[in-house]
Amino acid sequence: MLLVEAINLTKEFDGLVRWTTSISKFTKGR
Amino acid sequence: MDNVNFKVYQGQIKALIGPNGAGKTTIFNMLSGFEKPTKGVVKFKERRIEKLKPHQITSLGIARTFQNTQLFEELTVLDNVKIGCHLKGQVGILRAMLHFPPIEKEEQKIHEEAVHYVNLVGLGDKLNVIAGELPQGERRLLEIARALATEPELLLLDEPAAGLNSAETEKLAETIYKIRDTGVTIFLVEHDMGLVMEVSDEVIVLNYGRKIAEGPPLLIQKDENVIQAYLGGKINA
């Protein structure tokens, strides 16, 4: 029996995630 | 995460693998209500769940563990699992604290169930040990027992072997089989390829938020896209 079905599951990064990721990379000197 | 499709069938042990940042935990978060997808659908037993909250999803029969073990550190092994039992108990935590009349029968039932789940994960001799004093391998088993206490149909395990030594990982593999044998379907994210290849019926491989392969472990090991994703190089997804 089918229990879970994921269809076209998409998650776009929002602005806050992009911003915190950038800051994190910057502080790590990357 | 970009247009990912997959199915999990009842009774399967299915694994989700991929390099760091591939989107594995994001998928787990979307299955358990901790993140909402921007687009797409998640169905559990044909019911759409992608907009539900974590506690609503738990009540439908999905339980999960986390990469960083989240236990009640100062409570005993037994009490940690009892909390999982209370989440689906009829009396509820508040009424239990107030000791309403039906509480004694319910408490006895919860005690027996909690002992059952602690035994299932092999911690039966540590019922009264404080959770914070357990080694990492046993902490993970305890988190699994607590998740099982909510009586899920689907158990999501997020990197269950992280930080475990080989003996602990072997015990974990045995526990995963035991849980599946009780009728619970298991979907795990894992970096330990030995464990994935040993326990999984099917494996999904993600890279840069896209599914690049899906199938039985032996075929996945030979898949060119998977080898390139792990060793570097161009991907023909």
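# A tour from strand E6(B) to the two-chain sheet

Start with strand E6 of chain B. Both of its faces are covered: Leu154(B), Leu156(B) and Asp158(B) are buried on one side, and Leu155(B) and Leu157(B) are buried on the other. This is a predicted model.

**Stop 1: around E6(B).** Select residues 154-158 of chain B. Of the 5 residues in this strand, 5 are buried, so E6(B) is largely enclosed by the rest of the structure. Now add residues 62-64 of chain B, which form strand E5. E5(B) runs parallel to E6(B), and 3 bridges join them. For a marker on this pairing, pick Arg64(B), which stands opposite Leu156(B).

Next, show residues 185-189 of chain B, strand E7. E7(B) also pairs with E6(B) in the parallel sense, over 5 bridges. Here the marker is Leu157(B), opposite Leu188(B). To see how the chain gets from E6(B) to E7(B), colour helix H7, residues 166-181 of chain B. The path runs through this helix, and the β-α-β crossover is right-handed.

**Stop 2: Glu159(B).** Select this residue in the loop between E6 and H7 of chain B. Is Glu159(B) buried or exposed? It has 20 other C-beta atoms within 10 Å, and a residue counts as buried at 20 or more. Glu159(B) is therefore buried. Display its contacts beyond four places in sequence: Gln67(B), Val189(B), Glu190(B) and His191(B). Then draw a distance to Thr69(B). The two residues are 90 apart along the chain, and their C-alpha atoms are separated by 10.0 Å.

**Stop 3: the two domains of chain B.** Colour residues 1-60 and 157-237 as domain 1, and residues 71-152 as domain 2. Their C-alpha centres lie 26 Å apart. Each domain puts residues into the contact: 12 from domain 1 and 12 from domain 2. Which element gives the most on the domain 1 side? Go back to H7(B), which supplies 6 residues there. By class, that side of domain 1 holds 6 nonpolar, 3 polar and 3 charged residues.

**Stop 4: chain A and its contact with chain B.** Switch to chain A. It has 30 residues, of which 17% are buried. Its secondary structure is 1 helix and 1 strand. Now show where it meets chain B: 12 residues of chain A and 27 residues of chain B take part. On the chain B side, strand E1 (4-9), helix H1 (24-31) and strand E3 (39-44) each give two or more residues. That side has 13 nonpolar, 7 polar and 7 charged residues.

**Stop 5: a sheet built from both chains.** Keep E1(A) in view and add strands of chain B. The result is an open sheet of 4 strands in the order E1(B)-E1(A)-E3(B)-E4(B), with antiparallel pairing. The edge strands are E1 and E4 (47-48) of chain B, each pairing on one side only.

Zoom in on E1(A), residues 2-10 of chain A. Toward E3(B) there are 5 bridges, and Val4(A) has Phe44(B) as its bridge partner. Toward E1(B) there are also 5 bridges, and Ala6(A) stands opposite Phe6(B). Finish with H1(B). This helix packs on the sheet, touching E1 of chain A as well as E1 and E3 of chain B. Its direction makes about 120 degrees with that of E1(A).

Conventions. Residues numbered from 1 in each chain as written. Chains lettered and ligands numbered in written order. Predicted model: local features only at pLDDT ≥ 70, side-chain atom pairs only at ≥ 80, totals over all residues. Buried ≥ 20, exposed ≤ 12 C-beta atoms within 10 Å, placed from the backbone. Pairing = 2+ DSSP bridges. Right-handed = clockwise from strand over helix to strand, strands pointing away. Contact = placed C-beta atoms within 7 Å. Nonpolar A, V, L, I, M, F, W, Y, C, P; charged D, E, K, R; others polar. Domains from an automatic or database assignment. Axes fitted to C-alpha atoms, helices over the stretch in contact; angles between N-to-C directions.
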